[in-house]
Amino acid sequence: MKNLKTLAVIAFAALSTTLVSAQTKAKAPQEKAQTQGKNIDVAKSTIKWTGKKVTGQHEGTINFKEGTLLFKNNKLERGKFTVDMNSIAVTDLKAGEGKEKLEGHLKADDFFGTDKFATASIMFTKVTPKANGVYTVTANLKIKEKTNPVTFDITVKGNTATANLVVDRTKYDIKYGSGSFFDNLGDKAISDNFDLAVSLQF
């Protein structure tokens with residue numbers, strides 16, 4: 001009888017150990033999957049813009065209001081950012097030499113209408129690994145309450161990330177000086193596209 005009890009205890013212990021081991025293995029992948037949101041440092045993150053026209057180009061900056069990158073197992077998964085459109089600044093002109101005039105025009109209804117549309121936003125909808133630390137991103141870019149998809153590559157290295165975007169302003173109802181909508185503009189024509197060079201620190 002004692003032998004039967006002993007065998008039963010041994011069998012139960014063995015079964016319990018097997019079940020615990022199986023449960024541990026089943027949970028292991030979940031425990032390894034770590035999701036982490038990283039807020040950007042808005043004071044150190046930058047957006048540099050370039051707008052081109054027939055007679056040359058202008059350059060400047062725009063500031064982030066807030067932004068977050070989401071990582072899963074140290075791989076980029078998603079991102080969401082808000083931009084302060086009232087922070088638009090021109091950097092290629094000096095004060096008193098056209099800087100203030102151009103900044104005012106960019107904030108006016110001909111362009112970004114910042115009195116009505118104080119912020120713009122971008123939200124990643126798809127992130128595909130491309131190379132070591134490089135991802136191809138599809139995102140929804142919202143300017144003046146109009147949303148359109150954009151695709152670009154982003155490079156993540158340590159606590160920094162960089163990306164370059166080309167944006168067609170006419171898709172956001174910014175048509176001033178566009179040769180696609182107005183004839184006979186001559187050397188007053190402005191390119192439909194503007195470039196954004198983005199640098200993030202988080």
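**Exercise 1.** Are Phe124 and Phe152 buried or exposed?

*Solution.* Both Phe124 and Phe152 are buried, where buried means under 20% relative accessible area, exposed over 50% and partly exposed in between (1.4 Å probe, protein chains only). The model is predicted: local features need pLDDT of at least 70, side-chain atom pairs count only at pLDDT 80 or more, and totals for chains, interfaces and linings use all residues. Residues are numbered from 1 along each chain as its sequence is written, and side-chain values use heavy atoms, leaving out hydrogens and water.

**Exercise 2.** Classify the aromatic pair Phe112 and Phe194, and place both residues in the chain.

*Solution.* Rings of Phe, Tyr and Trp (its six-membered ring) pair if their centres lie within 6.5 Å; planes under 30 degrees apart are stacked, over 60 edge-to-face, the rest tilted. The whole structure holds 6 aromatic pairs. For Phe112 and Phe194 the values are 6.2 Å centre to centre and 85° between the planes, an edge-to-face pair. Phe112 is in the loop between helix 2 (99-107) and strand 5 (119-131), and Phe194 is in strand 9 (residues 190-201), 82 residues apart. Both are buried.

**Exercise 3.** Repeat this for Phe124 and Phe152.

*Solution.* The ring centres of Phe124 and Phe152 are 5.9 Å apart and the planes stand at 70°, so the pair is edge-to-face. Phe124 belongs to strand 5 and Phe152 to strand 7 (residues 146-157), 28 residues apart; strands (E, at least two residues) and helices (H or I, at least four) are DSSP runs, numbered from the N terminus. Together with Phe64 and Phe81, Phe124 and Phe152 form one aromatic cluster.
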